[in-house]
Amino acid sequence: MRKTYLVTLLATCFMSACGGDSRPEPAPAPVVTAPVVTESAKPRLATLISFGDSLSDVGTYAVGAVKSLGGGKFSINGDSTTLNPALTGLNWVEQLARRLGLPAPCAAQTGLDGDATLGFSVPVVDHAGCLAYAQGGARVTHPVGPTHKLTGSRLGALTVPVATQISRHLALSGGKFKADDLVLVMAGGNDLLYGLEVFAATLLATGQAAGQQAFDESLAAALAAGASNGAAAAVTIRAALAAERAKPGSTDQSVATAGITTAAGAAGNVAVAQETVHRPLLLQASTAGLAAGAAAGSRYASENAPKLVAAMDTAGRELVALVKDTILANGAAQVVVNNLPDVALTPTGRAMDASTQALIGAMVNAFNAQLRTALAGEARVLLVDANALTQDAAANPTTYGLTNVTDAACNLVAPTNPLRIALTCNATNLIPGDVSRYAYADGVHPTPYFYNLLTNRVAQEMGKKGWL
């Protein structure tokens with residue numbers, strides 16, 4: 001019964017997908033040739049500073065049990081180039097630093113605030129001289145992101161927001177960026193994912209509550225109909241249903257059983273205990289619950305989906321303000337901002353229904369529109385279209401040497417991968433076969449190979465702008 005009327009609602013919930021084994025012959029990776037720029041026109045780049053989320057995190061959570069499991073970054077972890085040259089274990093920030101001949105980035109802060117019994121409680125440490133501030137789960141300004149302990153996650157990710165990351169750097173650098181700093185910014189994905197998670201959970205709860213209420217009302221009325229005093233019997237049956245539903249661990253079946261037992265005890269209603277009598281009544285109540293739950297869910301979605309789009313518009317405005325008012329205003333001369341990739345084309349996005357994918361698209365577009373409108377004209381900002389890259393790679397994978405753009409390369413099933421995300425993925429827990437040129441490590445995070453494609457795109461655009 002509950003399962004039936006929740007089917008429609010569950011279709012919109014946040015899901016992830018993994019598996020698959022489609023491997024066309026890999027094409028060579030695109031070669032990036034930067035435009036020729038005279039030496040005098042090139043800025044001197046000495047220091048790389050990065051702000052953002054898991055896509056730029058170089059090891060905030062490479063501690064405790066995460067480290068012992070061979071993880072720490074949101075990709076296929078570890079240098080496994082002896083197995084396959086593409087398995088570098090490096091994300092785009094690390095690859096870009098290597099490309100530019102700059103020191104390897106190190107996490108500005110490490111630690112976990114999660115379940116100590118699982119090895120996820122590790123003291124937070126700030127590392128002097130490390131300028132990679134990006135953290136998995138970080139949002140633009142809100143301190144609670146996905147896998148933060150306040151979400152109920154046992155991992156206890158720190159999720160320090162981008163706004164705080166920047167202010168911390170300024171506090172350590174005398175309030176200024178240097179002329180030879182290269183500042184990297186990439187954020188917004190967790191604002192989208194967190195919003196979707198809350199939306200899906202509330203949608204489910206709203207539909208479930210409405211469905212249960214309709215089920216109980218329908219069943220109580222139907223079960224009482226044969227009693228000598230139907231009105232009195234209905235009151236008693238409703239009370240029995242409510243009492244059973246309030247019990248921890250109760251199920252629709254146990255609720256129905258309580259109602260049937262109570263109904264059969266009413267004068268003139270003993271026949272209702274027979275399955276041939278009460279079974280049609282249960283089916284009727286289930287149909288009522290399904291309809292009510294779907295209607296409530298639909299109302300909630302239509303009323304609240306626009307709010308998610310508006311929230312992403314706000315997050316985009318906030319990121320723009322951070323770039324302009326706290327990065328550029330404090331002396332940064334070269335700032336690379338990657339816009340938000342097309343989340344609907346990730347394995348997680350593809351697992352959702354068409355209406356949810358459309359909602360994701362609207363959320364991404366609202367965020368990126370703010371960046372495009374406000375930053376495109378800034379001479380000291382290079383806005384890189386990561387969104388277009390993900391879309392083109394999904395449409396033309398072989399052009400980019402990709403062998404799979406729909407499935408996760410990592411085995412996301414416990415106990416092989418206890419966290420079921422790329423943070424604890426490495427060469428020992430991949431799915432069978434050659435996954436080195438898959439686009440995604442898990443539901444949303446790229447493989448080192450796809451990070452290399454993003455690095456290529458950033459380097460290409462830097463070259464065009466005369467920064468390389």
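So, how many bridges pair S4 with strand S5, and in which sense, parallel or antiparallel? Keep in mind that we're looking at a predicted model. Okay, here we go: S4 and S5, which spans residues 334-338, are joined by four bridges, and the sense is parallel. One spot to click on there is Val183, which sits opposite Val335 in S5.

Now the other neighbour. S1 runs parallel to S4, residues 181-186, and six bridges hold that pair. Going along S1, Leu48 has Leu182 as its bridge partner in S4, and Ile49 has Val183.

Zooming out, we've got an open sheet of four strands, ordered S1-S4-S5-S6, with parallel pairing. S1 and S6, the latter at 381-384, are the edge strands; each has a single partner, so one side of each has no neighbour in the sheet. From one strand to the next, the twist averages 20°.

Back to S4 for a second. Six of its six residues are buried, so the rest of the structure largely encloses this strand. Asp181, Val183 and Val185 point one way, while Leu182, Leu184 and Met186 point the other way. And yes, that buried set includes Asp181.

Last stop, Val58. You'll find Val58 in the loop between strand S1 (47-52) and helix H2 (64-68). Loop or not, Val58 is buried, because its relative accessible area is 11% and the cut-off is under 20%. Who's around it? Leaving out residues up to four places away in sequence, Val58 touches Lys73, Asn91, Val93, Glu94, Pro105, Cys106, Ala107 and Ala132. Take Asn91: Val58 is 33 residues from it in sequence, yet their C-alphas are 7.3 Å apart.

Key: Residues numbered from 1 in each chain as written. Predicted model: local features only at pLDDT ≥ 70, side-chain atom pairs only at ≥ 80, totals over all residues. Heavy atoms only, no water. Helix = DSSP H or I, 4+ residues; strand = E, 2+ residues; numbered from the N terminus. Buried < 20%, exposed > 50% of the residue type's maximum accessible area, 1.4 Å probe, protein only. Contact = heavy atoms within 4.5 Å. Pairing = 2+ DSSP bridges. Axes fitted to C-alpha atoms, helices over the stretch in contact; angles between N-to-C directions.
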